[in-house]
Each structure stands twice: as C-alpha cells, then as structure tokens.
Number of protein chains: 2
Amino acid sequence: MARELQHGATIWDVARKAGVSITTVSHSLNGKGNISDATRERVRSVAAEMGYVADAMARGLRNSRMNAIGLVFRSLDSLGNYGPNGVDVFMKLAGAAAAETLNRNLGLMLVPDLTRAPLPPFSLSLDGYIVFAPHLDDPVIALLEKRGIPYVSWDRDPGRPGFRNWVAHDDAASTLIVLDHLAAAGAVSIAYVGGTDRNAWNFDCEAAYVAWCLEAGAEPRIHHVPERDGVEGGQEVGARILADGLPGAVFCLTGRHATGVAQAMQERGFSIPGDVLVCTGSDSEHSRQHQPPISALDVDIPAAAAALVQQLVDVMDGAKEPAPVLLPARFLERESTRPQTTPSR
Amino acid sequence: MARELQHGATIWDVARKAGVSITTVSHSLNGKGNISDATRERVRSVAAEMGYVADAMARGLRNSRMNAIGLVFRSLDSLGNYGPNGVDVFMKLAGAAAAETLNRNLGLMLVPDLTRAPLPPFSLSLDGYIVFAPHLDDPVIALLEKRGIPYVSWDRDPGRPGFRNWVAHDDAASTLIVLDHLAAAGAVSIAYVGGTDRNAWNFDCEAAYVAWCLEAGAEPRIHHVPERDGVEGGQEVGARILADGLPGAVFCLTGRHATGVAQAMQERGFSIPGDVLVCTGSDSEHSRQHQPPISALDVDIPAAAAALVQQLVDVMDGAKEPAPVLLPARFLERESTRPQTTPSR
DNA sequence: CAGCTACACAAAAACGTTTTTGTTCCGTAC
DNA sequence: GTACGGAACAAAAACGTTTTTGTGTAGCTG
C-alpha cells in the first residue's frame with residue numbers, strides 16, 4: 001500500500017497556466033520586480049485558484065531562511081522528563097509561544113535537546129532559538145554561538161555576563177515580595193530551599209534571600225535539593241529543616257519541593273499554615289493540588305512568550321541593540337500562607 | 001550591525017578536505033553506494049572533525065521528506081486561546097509528543113491553525129500531522145486529505161466513519177464509569193452538560209449517557225454550553241439545571257463548565273458534595289483548584305502521545321493497515337463526589 | 001533616425017543535497 | 001590479446017525556489 005505522495009502545484013505549473021515565466025510568477029506573488037498590474041493580478045488569481053503555496057524547503061534552501069524558530073527547554077532536559085506533572089510552566093510557554101509566532105508567520109519547533117546525538121534533523125537550520133533556563137556555561141548556547149544561530153534565552157546564562165538577549169522575571173524583587181509576605185504573616189525564621197541546577201534563577205533567588213536575611217538580621221537557613229528529586233527530595237529536605245528546629249516559614253523555589261516539604265511537615269503533625277507557612281517560587285500542579293493549596297509566585301506566561309519572541313525577531317533582524325527584559329511577578333496567595341480565619345481545631 | 005550568518009560546512013567542503021567527490025561523501029555518510037571501507041571511514045572522520053551536518057532543507061528538497069511532523073489543536077483553535085488556563089491537556093500532549101518524536105529523530109512543529117490565511121510557512125511541507133480533536137467534517141482534515149499529507153487524529157472525525165487512523169479514549173466506557181460512580185455515591189437524578197463543538201467526544205459521551213439513562217430507567221437531563229463560554233457558561237447552565245429541580249449529580253464534560261456549575265450551585269446555598277455531586281470528563285486547572293476539588297476523568301498523556309506518534313509513523317511508512325487505538329481512562333475521585341465522612345456543619 | 005531609457009518579461013544561476021548514470025582501472029577468462 | 005565484469009569513484013541531473021542578468025520593444029530626446 002505505497003502511499004501516493006501527491007505534491008502540490010509547483011511554480012512551473014502556475015507559470016504554464018498563466019502563460020508567463022516562473023520569474024514573473026515569483027515576482028508577482030512576492031511583490032518584487034517590475035510587473036504590470038494586469039499581469040500581477042492575473043498570476044495571483046491563477047495561483048490562488050490552483051492552491052499554489054511555495055515549497056518551504058526550496059524557498060528556505062534558496063534564501064537560507066526557513067521561517068521557523070526552535071524552542072528548547074534546558075531545565076526539562078536535565079529533568080529527563082517530558083511528560084511533565086508539575087512542570088506545566090514549560091508547556092504553557094510552548095503554547096503561548098506558538099500563538100505568538102503564528103502572528104508573525106513563523107513556525108515553532110519543539111527541540112528537546114540540542115547536545116544529544118544524533119541531532120534532531122534540522123535543528124541547525126532553524127532561524128533562531130528560544131532557550132528556556134540555560135545552565136551555567138550551557139553547552140546548547142555554546143553550540144548556537146558556534147553555529148552563529150541567533151538566540152534569546154529565558155533567564156540569563158550566568159556564565160555569560162556580556163550577553164544581553166534575555167527575558168526573565170525579576171527574581172530578586174520576587175524573592176523580596178515573598179519574604180516580606182511571609183514576614184508579614186508572622187514568620188520569624190524563614191528557611192530557604194533551592195535547586196542544584198546552576199542557573200540564574202537559583203543564583204539570584206538565593207542571593208536575594210541572603211541579602212534579605214542580612215537586612216532583617218536573621219540567620220540564613222539555606223538548603224539545596226536536586227530538581228530531579230522532586231517531591232521525595234522535598235520530603236527529605238523537610239526532615240532536615242525540622243532537625244534544625246521548626247521555622248516560621250519555608251520558601252521553596254520549585255513547586256514539587258514545596259509539596260514534599262509540606263508533606264514532611266504535616267506527617268510530623270505540624271499544621272499548615274497553623275504551625276508553619278510554606279510557599280513556592282514556581283507554581284505547579286503539585287502545589288495547586290496539595291491540601292492546603294500552596295501559595296506561589298505566578299508567571300504571566302503569554303507576556304513572557306511575547307517578550308521572548310519579540311526579542312528573538314529583533315535579534316534575527318539585527319534591528320535593535322539587545323537589552324534584557326525584566327518582567328514583574330505576582331504572588332498568588334493560597335491557604336498555605338494565609339493568616340488563619342477559621343479555627344482549625 | 002548586520003549579523004554575519006556563518007553557514008556550516010557544506011558537502012563540498014568535506015569533499016575537498018577528504019580529497020573525494022561529493023558523491024562519495026554523501027554515500028559514505030549515508031551508508032549507501034559502493035565505497036571502500038578505508039575511504040568511507042576517512043570521509044566520516046573528516047566530516048565529524050568539521051562538524052558537518054547535512055542541510056535539512058537541501059536534503060528535504062531533494063527527497064521531499066523534512067523529518068518533521070506537525071501538531072495541530074483543533075479545539076484550541078475554536079477556543080481562540082493559546083495561553084490556556086484550564087486546557088493544559090493540550091500543552092502536556094505537546095511536550096509528550098515532542099519527547100516521543102525526538103526518540104525517532106523527528107522534529108515536532110506546533111501549528112496553530114491550518115485553515116487561516118496566510119498559512120504558516122511550511123505547514124504543507126511537513127511529513128505528517130497529528131490532529132487533536134477534529135470537528136465534524138473538519139476543514140483541516142479536508143485540507144490534509146486534499147494535499148495528500150498523512151495524518152492521524154486524536155478522537156475521530158465524526159464525519160469520516162471510514163477513516164481509521166485515530167487514537168482516543170474509550171468515551172463510552174469512561175462515561176459509564178463516571179455515571180456508575182455517581183449512582184453508587186447515591187445520586188438518583190444525574191444531569192449531563194456537554195459542549196457544542198461537533199466532535200466525537202461530545203457525541204459519544206452524550207450517546208453513552210442516554211443509553212445509561214435508558215438502562216437505569218432515568219429521564220435524561222441534557223444541557224449544552226459552547227466550549228468557549230467557559231466558567232461563565234457553566235454558571236448559566238447551572239442555573240438552568242436548578243430551574244428543573246436539584247439533581248443528585250451533574251456530569252460536565254469540560255472542567256471549566258463543571259467549575260461554573262459548581263459555583264452556581266454553591267452560590268445558591270447548595271453544598272458539594274453534601275447536596276449535589278459534580279464531576280467532569282476533562283480535568284483542568286479550574287476543576288483542581290475549585291473548593292472542593294472536582295472529580296475528573298484522567299488522561300494518560302504520555303501514553304496517548306506515544307500511541308499517536310507511533311500510528312502516524314506507521315501511516316507515513318505505509319507499513320501497517322491502520323486500526324484505531326482505544327485507551328482506557330481513569331477516574332480521579334476528589335472531594336466533589338466523595339461520600340461525606342467529616343460532618344460539614 | 002540613431003541612441004538612450006524605461007518597461008515587462010524571460011533565461012539562467014545558485015542554494016546543498018541525493019541519486020542516477022558514467023568513467024576509469026584492473027583482474028580474469030576465453 | 002581481446003572481451004568482460006566488477007570495484008571505486010566522479011559527473012551530472014534533479015528537487016523548487018529566488019535573484020541576477022539578459023533581451024526585446026516602445027517611447028522619447030537631440
């Protein structure tokens with residue numbers, strides 16, 4: 001049952017039917033060259049009637065532009081898991097970016113990992129890349145640099161201070177918002193749980209936490225768990241935190257760690273938010289579904305996607321001098337950090 | 001500041017450096033032709049050393065295979081919203097499909113809408129398509145058929161009974177699971193709320209509901225709300241349902257409708273699950289975040305993605321005779337349908 | 001009326017592959 | 001000693017565009 005791949009009409013078919021050369025067809029459709037209005041219109045109607053669409057690969061081959069960009073998720077790569085429960089930020093971003101690229105008549109390609117061989121077929125032919133959460137000295141970025149492929153990143157690569165084509169949340173400001181909120185809710189001692197990926201998010205939030213503690217005269221209580229350890233890792237660190245004494249609040253960067261910490265606390269008989277507050281810097285399915293639901297920093301995904309695509313297009317056009325874009329974050333207060341109104345016992 | 005787009009090495013560069021013709025390079029790398037082992041190995045090492053990767057567009061132009069497939073979300077198109085809150089199923093599927101295609105060395109392209117002009121550039125050059133939730137007589141499918149582009153769909157197109165390249169949940173069985181569960185939890189009269197999109201999901205679930213009512217000797221109570229009306233639409237239909245008398249349970253196909261229905265009930269002083277049970281056939285952020293959390297049918301996204309990609313590859317290769325794949329669904333019991341254990345007042 | 005310009009279009013080159021068809025060399029059989 | 005065949009490679013065509021260069025005609029100038 002060999003499938004008959006019937007290719008669409010080519011530029012030759014259109015030329016023949018319109019009684020002109022292929023040059024004229026190309027020029028007519030692309031608004032170039034010197035064609036009389038009558039001819040141009042006739043060619044256009046013939047093309048439309050035949051449903052002619054220029055072959056993307058031939059066009060791309062000719063002018064080395066394929067009108068598509070790539071989206072690569074670095075932190076997901078390190079998580080080794082693309083069927084994500086709890087990392088839905090990434091997938092929402094993909095959807096928002098797809099909508100944004102459509103408006104600019106660009107395709108969006110999901111590229112899982114650029115460093116793993118064999119390379120996804122035409123990952124290197126794409127016009128540009130959005131790199132989500134690059135690591136320190138990220139090899140994917142090194143590859144893109146070497147190939148001269150334009151890119152922007154969500155969060156900066158901490159190892160490339162001179163690079164300015166990135167969009168990110170203002171992690172320092174966000175961290176302060178969270179810590180101030182926890183303090184206002186009555187927490188005196190606030191523990192911090194970060195990941196081990198060496199990315200700007202981990203670095204900046206921790207730095208902001210340390211600065212805040214210094215300011216507040218509090219002793220920093222910093223813990224690290226590998227991102228991939230997920231909820232279980234959170235449970236372990238929860239135990240470690242308790243070993244040092246019950247804090248007033250725990251701020252975990254990832255939603256899965258926060259969920260694990262909350263579980264550890266609750267298993268040991270502490271109530272949330274009665275005895276200890278818990279919140280996360282990154283919302284996830286886990287944090288939403290937990291009982292009580294866990295407060296989180298919220299991300300305006302469509303705005304982030306729009307900023308990233310806009311910046312990438314700017315870079316590809318070489319139009320503007322690049323400048324980082326900082327987006328504000330919003331704190332989503334849920335029950336886990338809400339001052340108690342109804343008596344729990 | 002014109003960016004210097006430095007193209008990678010071409011097959012000519014490799015040929016020159018290895019002292020052979022481009023034919024020999026191509027054959028060496030692709031394991032074709034009649035090349036001595038010594039030459040083949042030498043060419044390969046030269047190519048590797050230069051970091052040569054065959055240009056995807058030239059290769060695609062030559063053998064009309066671009067090694068990438070498209071993913072198009074029909075129901076999202078009708079929802080007109082790609083920054084989805086409450087439709088995260090789609091984005092998870094995209095991630096899972098991306099992982100699945102990588103394993104097969106295929107690229108995955110997100111294509112928002114194939115019928116809107118201007119067409120995304122090389123949407124028609126892709127090797128195949130996964131169509132998510134096609135409508136009745138879906139124009140996207142018609143376009144793919146006309147162009148001879150292979151495709152598989154998630155859910156069948158109800159207007160194409162002969163087409164067999166689809167993967168879906170067993171909607172009839174799932175509906176019965178839900179209804180039986182509601183009945184077991186004590187609901188006597190069960191209202192049904194479906195969408196207005198003319199897709200198989202709506203059709204099959206409603207048919208199963210009607211059959212179940214017939215069997216149980218109950219009067220069907222069917223309501224419809226446009227998918228795009230979301231939570232507000234659910235609130236309205238909730239009011240309509242109450243106008244006919246409080247049912248024992250309401251089964252809403254979409255999570256956003258279910259949320260709206262639950263809100264309407266609660267605003268009027270009815271407790272969930274105390275006075276009325278509510279559940280949904282499609283989990284969403286809304287249904288999870290609602291208080292109480294709303295029970296839902298759960299979808300094994302990675303399994304669905306794997307099945308879809310596998311089937312599409314089969315179709316593209318023309319290998320196997322196509323056959324529909326039916327996946328089982330799982331019922332996620334949450335508080336909204338759980339028999340009460342703690343007294344609520 | 002020669003020469004120039006502008007116009008409207010056509011021919012051909014180029015993009016980087018893969019594949020089909022040639023070519024050369026060498027060993028072997030008749 | 002000529003014919004044959006296979007091994008190892010090279011040349012060239014083809015994929016469908018875009019863009020550069022070319023060509024012929026008409027209108028205008030001096």
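1. Contact here means heavy atoms within 4.5 Å. On that basis, and in a model that is predicted, B:C205 touches B:D171, B:T175, B:Y192, B:A200 and B:L253, leaving aside residues up to four places away in sequence. B:C205 belongs to helix α9 of chain B, residues 200–216. Its relative accessibility is 4%, so B:C205 counts as buried, the cut-off being under 20%. B:N67 is 138 residues from B:C205 along the chain, and the C-alpha atoms of the two are separated by 36 Å.

2. On the relation between the chains: chain B superposes on chain A after a rotation of 180 degrees with 0.0 Å of shift along the axis, at an RMSD of 0.3 Å. The two copies are therefore related as by a two-fold rotation axis. Both copies use the same surface, since 100% of the contact residues of chain B recur in chain A.

3. On DNA strand C: there are 26 residues around the strand, and those that come nearest are A:S21, A:T23, A:T39, B:I11 and B:R62. Sugar or phosphate accounts for 58% of the strand's atoms within 4 Å of the protein, and bases for the rest.

4. Individual polar contacts to DNA strand C involve both backbone and base. A polar backbone atom of A:S21 is 2.5 Å from a phosphate oxygen of the strand, and an N or O atom in the side chain of A:N34 is 3.5 Å from a phosphate oxygen. A:T23 places a polar side-chain atom 2.7 Å from a base nitrogen. Elements giving two or more residues to the surface near the strand are α2 (22–30) and α4 (56–63) of chain A, with α1 (11–18), α2 (22–30) and α4 (56–63) of chain B. The most comes from α2(B), with five residues. By type, the surface residues are 10 nonpolar, 11 polar and five charged.

5. On aromatic pairs: the structure holds 10 over all chains. A:F73 and A:F132 pair edge-to-face, at 5.6 Å centre to centre and 70 degrees between the planes. A:F73 is in strand β1 (residues 68–73) and A:F132 in strand β3 (residues 128–132) of chain A, so this pair ties together parts 59 residues apart in sequence. Both A:F73 and A:F132 are buried. Ring pairs link these two with A:W154 into a cluster.

6. A:Y192 and A:F251 also pair edge-to-face, at 6.1 Å centre to centre with 70 degrees between the planes. Their positions are strand β6 (residues 190–194) for A:Y192 and strand β8 (residues 249–252) for A:F251, both of chain A, so the pair ties together parts 59 residues apart in sequence. A:Y192 and A:F251 are both buried.

How values were computed
Residues are numbered from 1 along each chain as its sequence is written. Chains are lettered from A and ligands numbered from 1 in the order in which they are written. This is a predicted model: local features need pLDDT of at least 70, side-chain atom pairs count only at pLDDT 80 or more; totals for chains, interfaces and linings use all residues. Side-chain values use heavy atoms; hydrogens and water are left out. A residue is near a molecule or strand if one of its heavy atoms lies within 4 Å of it. A polar contact is a pair of N or O atoms within 3.5 Å; within protein, one must be able to donate a hydrogen and the other to accept it, and residues adjacent in sequence count only if both atoms are side-chain atoms. Helices (H or I, at least four residues) and strands (E, at least two) are DSSP runs, numbered from the N terminus. Ala, Val, Leu, Ile, Met, Phe, Trp, Tyr, Cys and Pro count as nonpolar, Asp, Glu, Lys and Arg as charged, and the others, Gly among them, as polar. Buried means under 20% relative accessible area, exposed over 50%, partly exposed in between (1.4 Å probe, protein chains only). Copies are superposed by least squares on the C-alpha atoms of residues with pLDDT of at least 70 in both. Rings of Phe, Tyr and Trp (its six-membered ring) pair if their centres lie within 6.5 Å; planes under 30 degrees apart count as stacked, over 60 as edge-to-face and the rest as tilted.
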